[in-house]
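Here are a few exercises to work through with the model open in your viewer. Try each one yourself before reading the solution.

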Amino acid sequence: MMMDELVQILQDGSHSLVVAGDGIRTFDGRGISDLYGLLTEHPDWLWGASVADKVVGKGAAALLILGGVRELFAGVISTSALGLLEDSGISFRFAKKVPNIINRKGDGFCPVEILCKDCKTAVECLPFIHDFMNESAI
């Protein structure tokens, strides 16, 4: 499956995430909930996969790196996410780069982006993401 096809599926279906490994799976969850769920419950679905994601902030980038994703397309990506991805070995491209991911209400920054802002590696981000996901109990 070519990345362009995944991007088409992402956009045509208005999905938030498309993962192609052993088959194609689409997700419509909010924020990083689907990526976090995949990493914690089905890590084999991410390992070596091609991923098209609507919005990639630093938290999502960390989960993609920890999941062993092979390639990524991001509709929107933050500069801090790019910083993590640049040395990850993941091949990536994006449609739009933004300084920060904005929260759902549109009145501030994404809470996960804020939590992970001082982290230097994907591994350092994980405890913050874990705590955030367990506190918000999606």
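**Exercise 1. Find the place where a charge meets an aromatic ring, and count the aromatic pairs.**

Keep in mind that you're looking at a predicted model. Start at R25: its charged end sits over the ring of W45, 3.5 Å from the ring centre. A charge counts as sitting over a ring when it is within 6 Å of the centre and within 35 degrees of the ring normal. Next, go looking for ring-ring pairs: the structure holds 0 aromatic pairs.

**Exercise 2. Lay out the sheet, strand by strand.**

Step one is the order. You should get an open sheet of 5 strands, β2-β1-β3-β4-β5, with mixed pairing. The edges are β2 (23–27) and β5, each of which pairs on one side only. On average, neighbouring strands in this sheet are turned by 10 degrees against each other, if you ignore direction.

Step two is the direction of the pairings:

- β1 (residues 17–21) and β3 run antiparallel, joined by 4 bridges.
- β3 (residues 50–56) and β4 run parallel, joined by 6 bridges.
- β4 and β5 (residues 91–98) run parallel too, with 7 bridges between them.

Step three is to pin the register with individual residues. Take A52 in β3: it is the bridge partner of V18, and A52 also stands opposite F73 in β4. Over on the β5 side, E71 stands opposite S91, while L72 stands opposite F92.

**Exercise 3. Trace how the chain gets from β3 to β4 and on to β5, and give the handedness of each crossover.**

Leave β3 and follow the chain through helix α4 (residues 58–66) into β4; this β-α-β crossover is right-handed. Now carry on: β4, helix α5 (residues 79–85) and β5 also make a right-handed β-α-β unit.

While you're there, take a look at α4. It is largely enclosed by the rest of the structure, because 7 of its 9 residues are buried. Those buried residues are K58, G59, A60, A61, A62, L63 and L64. After α4 comes G68, which has a positive phi near 75 degrees.

**Exercise 4. Work out which helices lie on the sheet and at what angle.**

Try α1 (residues 3–12) to begin with. This helix lies across β1, β2, β3, β4 and β5, and runs at about 45 degrees to β3. Then there's α2 (residues 33–41), which packs on the sheet and touches β1, β2 and β3; its direction makes about 30 degrees with that of β1.

Between α1 and β1 is a loop, and G13 is in it. Is G13 buried, exposed or partly exposed? Its relative accessibility is 34%, so G13 counts as partly exposed. For a sense of scale, the C-alpha atoms of G13 and L126 are separated by 29 Å, with their positions 113 residues apart along the chain.

**Exercise 5. Decide whether E71 and F73 are buried or exposed, and list what they touch.**

First, place them. E71 is in strand β4, which covers residues 71–78, and F73 is in β4 as well. The strand is mostly covered, with 7 of its 8 residues buried.

Second, check the areas. The cut-off for buried is under 20% relative accessible area. E71 has 17%, so E71 is buried. F73 has 6%, so F73 is buried as well.

Third, go through the contacts, skipping anything up to four places away in sequence. E71 touches M3, A49, S50, V51, I90 and S91. F73 is in contact with M3, V7, L10, V51, A52, D53, R93, F94 and A95. Notice that M3, V7 and L10 are contacts of F73, and that α1 covers residues 3–12. A52 turns up among the contacts of F73, and A52 is the residue opposite F73 from Exercise 2.

Finally, try a distance: F73 and I102 are 29 residues apart in sequence, and their C-alpha atoms are 19 Å apart in space.

Notes: Residues are numbered from 1 along each chain as its sequence is written. This is a predicted model: local features need pLDDT of at least 70, side-chain atom pairs count only at pLDDT 80 or more; totals for chains, interfaces and linings use all residues. Side-chain values use heavy atoms; hydrogens and water are left out. Helices (H or I, at least four residues) and strands (E, at least two) are DSSP runs, numbered from the N terminus. Buried means under 20% relative accessible area, exposed over 50%, partly exposed in between (1.4 Å probe, protein chains only). Contact means heavy atoms within 4.5 Å. Rings of Phe, Tyr and Trp (its six-membered ring) pair if their centres lie within 6.5 Å; planes under 30 degrees apart count as stacked, over 60 as edge-to-face and the rest as tilted. Two strands pair if DSSP finds at least two bridges between them. A crossover is right-handed if, with the strands pointing away from the viewer, the path from the first strand over the helix to the second runs clockwise. Axes are lines fitted to C-alpha atoms, for helices over the stretch in contact, and angles run from 0 to 180 degrees between N-to-C directions.
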